[in-house]
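The following note is offered to a colleague who is meeting this structure for the first time. Its points are numbered so that each may be checked in turn.

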Amino acid sequence: MSKALLARKELLIEVLSIQTTSGNEFDMIAYIHRFCRENVPSAEVVIKNSNIYITKGKAEAYPCIVAHTDTVHDIHKFYKVFDDDNCLFAFNSESGKQVGVGGDDKVGIWLALEMLMMKDNIKCAFFHSEEIGCIGSSDADMDWFKDVGYCLQGDRRGNNDFVNNISGKLFSKAFSKAIAPSLAYHDYSEASGSITDVGQLADNGIGVCVANMSCGYYAPHSDEEIVEFLDSNNCLNMIDMLVKSLGCNRYEYQREKESYSSYNWGDFKGADRDYWYGNYGVSEVRDNENGDESCYYCGCTELMESEFTDDDYECRYCPDCSSDIILETKEVLEPNRVEFDYDDVSDNYDAEIVDKEILNRQLTQIN
Ligand SMILES: [Zn+2]
Ligand SMILES: [Zn+2]
């Protein structure tokens, strides 16, 4: 294996080694922030309502890579990722049992970080809590997407689906034609898929072409979840070729409103901070070794007053993250923390209406 390929694999293993679960994604957000500081120092990083927005370079229309920072898996005290002949999997060394490696969507995060290093002009967005109903992307800062030319996301099992439809078309015929050679070269073909952040961005009215694609994880949402590195790498090569051929151009696409656009996520829709477990005791402001208030994500100690302080939250503004972070919740809210004790249909089925109905029923029953 070449040195460059080995470096890619090492980074993927590093990302897979960070554990997150919906609502507890602090470590991944902090990791992405640190990664940019160290490896892409020119990039502007903004953390807003637990979503991360990264801009590198200057373009009239940026290519944009999207991923989500949560996984469906529990956080284990003893967790280690292994590599057997490019098959990456994880074990809980306390129980001695295999656990899901969280390729969904840590492979997507890795794709974005690799692209950030490779390209001069690019944007990346990382959304929290996708797995419990696209909470982060529902709350996306759509102003930030105004100079985005198209969005690509790696958030699908397998190695050959290029998702063109999530309860409605995601891109235009012109886009389909422009991407065809890159797809064929990497053995991908167009298919329809299930809800993820780019579908939510289309619903939010992003106005440009978006797509989701297989990125080399298998058996998502199960303890048997694994990642085939060479499949993930093939996806990365395809995204690289796609961005080369599409360039910094805008691919307009306004999705037609289908009956499904009024899709109801139950009580989740429109929620932002109330779903972040941080509100129930985990503060984004921590005391460092010297006892000074510091930002959990970047360690900055120059925290300022925040205009977001209100009756429910006391916040600080971190100038380093350009972000308002929660110091504490003023009164303990009734935690409407959800139990994810349902068969997740969203990753295992294509987005046929009947599946959506099942999913919707499941999600609305959760409270
Ligand atoms: Zn996912
Ligand atoms: Zn998933």
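1. Helices and strands are here DSSP runs, a helix having at least four residues and a strand at least two, numbered from the N terminus. With these terms, Ser-322 can be placed in the loop between strand E16 (313-318) and strand E17 (323-329). The model under review is a predicted one.

2. Ser-322 deserves a remark on its backbone. Although it is not a glycine, Ser-322 has a positive phi of about 50°. A residue counts as partly exposed when its number of other C-beta atoms within 10 Å falls between the limits of 12 or fewer for exposed and 20 or more for buried. Ser-322 has 13 such neighbours within 10 Å and is therefore partly exposed.

3. Ala-219 may be read in a similar way. The residue lies in the loop between strand E11 (210-218) and E12. Ala-219 is not a glycine, yet its phi is positive, at about 50°. There are 16 other C-beta atoms within 10 Å of Ala-219, so this residue is partly exposed.

4. As to the protein overall, its secondary structure comprises eight helices and 17 strands. Of its 367 residues, 46% are buried. Among contacts with a separation of 6 or more, 72% are between residues 24 or more positions apart.

5. Val-198 gives an individual case of a buried residue. This valine belongs to helix H6 (residues 197-203). Val-198 has 30 other C-beta atoms within 10 Å and is therefore buried. Leaving aside residues up to four places away in sequence, Val-198 touches Val-66, Cys-151, Gln-153, Leu-170, Val-210, Ala-211 and Asn-212. Ile-65 is 133 residues from Val-198 in sequence, while their C-alpha atoms are 9.6 Å apart in space.

6. The packing of helices comes next. Two packed helices are described by the angle between their axes and the distance between the axes. For helix H3 (residues 103-118) and helix H7 (residues 229-246), the angle is about 45° and the axes are 10 Å apart. H3 and H7 are therefore oblique to each other, and their crossing is right-handed. On the H3 side the contact is made by Val-107, Leu-111, Glu-114, Met-115 and Met-118, and on the H7 side by Ser-232, Cys-235, Leu-236, Ile-239 and Asp-240. Sorted by class, this contact of H3 with H7 has seven nonpolar residues, one polar residue and two charged residues.

7. H7 also packs with helix H1 (residues 3-16), the two axes coming within 11 Å and crossing at roughly 105°. An angle of 65 to 115 degrees counts as roughly perpendicular, so H1 and H7 are roughly perpendicular to each other. Here Leu-5, Arg-8, Lys-9 and Leu-12 of H1 meet Phe-229, Ser-232 and Asn-233 of H7. By class, the contact of H1 with H7 has three nonpolar, two polar and two charged residues. Ser-232 thus appears in the contact with H3 and in that with H1.

8. One peptide bond in H3 should be inspected. The bond from Asp-104 to Asp-105 is cis, with omega near 10°. Asp-105 is found in helix H3.

9. Which strands pair with E5? Strand E4 (residues 79-84) is one of them: six bridges join it to strand E5 (residues 87-92), and the two run antiparallel. In this pairing Asp-84 stands opposite Cys-87 in E5. E4 and E5 form a hairpin with two residues between them, and Asp-85 in the turn has a positive phi of about 55°.

10. E5 is also joined to strand E6 (residues 97-99), by three bridges and in the antiparallel sense. The bridge partner of Phe-91 in E6 is Gln-98. Four residues lie between the strands of the E5 and E6 hairpin, where Gly-96 takes a positive phi near 70°.

11. A further partner of E5 is strand E12 (residues 226-228), paired in the antiparallel sense over two bridges. Cys-87 stands opposite Glu-228 in E12, as well as having Asp-84 opposite it in the pairing with E4. In a regular strand the side chains alternate between the two faces of the sheet.

Key: Residues are numbered from 1 along each chain as its sequence is written. Chains are lettered from A and ligands numbered from 1 in the order in which they are written. This is a predicted model: local features need pLDDT of at least 70, side-chain atom pairs count only at pLDDT 80 or more; totals for chains, interfaces and linings use all residues. Two residues are in contact if their C-beta atoms, placed from the backbone, lie within 7 Å. Axes are lines fitted to C-alpha atoms, for helices over the stretch in contact, and angles run from 0 to 180 degrees between N-to-C directions. Angles under 35 degrees count as roughly parallel, over 145 as roughly antiparallel, 65 to 115 as roughly perpendicular and the rest as oblique. A crossing is left-handed if the near helix is turned anticlockwise from the far one by less than a right angle, and right-handed if clockwise. Ala, Val, Leu, Ile, Met, Phe, Trp, Tyr, Cys and Pro count as nonpolar, Asp, Glu, Lys and Arg as charged, and the others, Gly among them, as polar. Two strands pair if DSSP finds at least two bridges between them.
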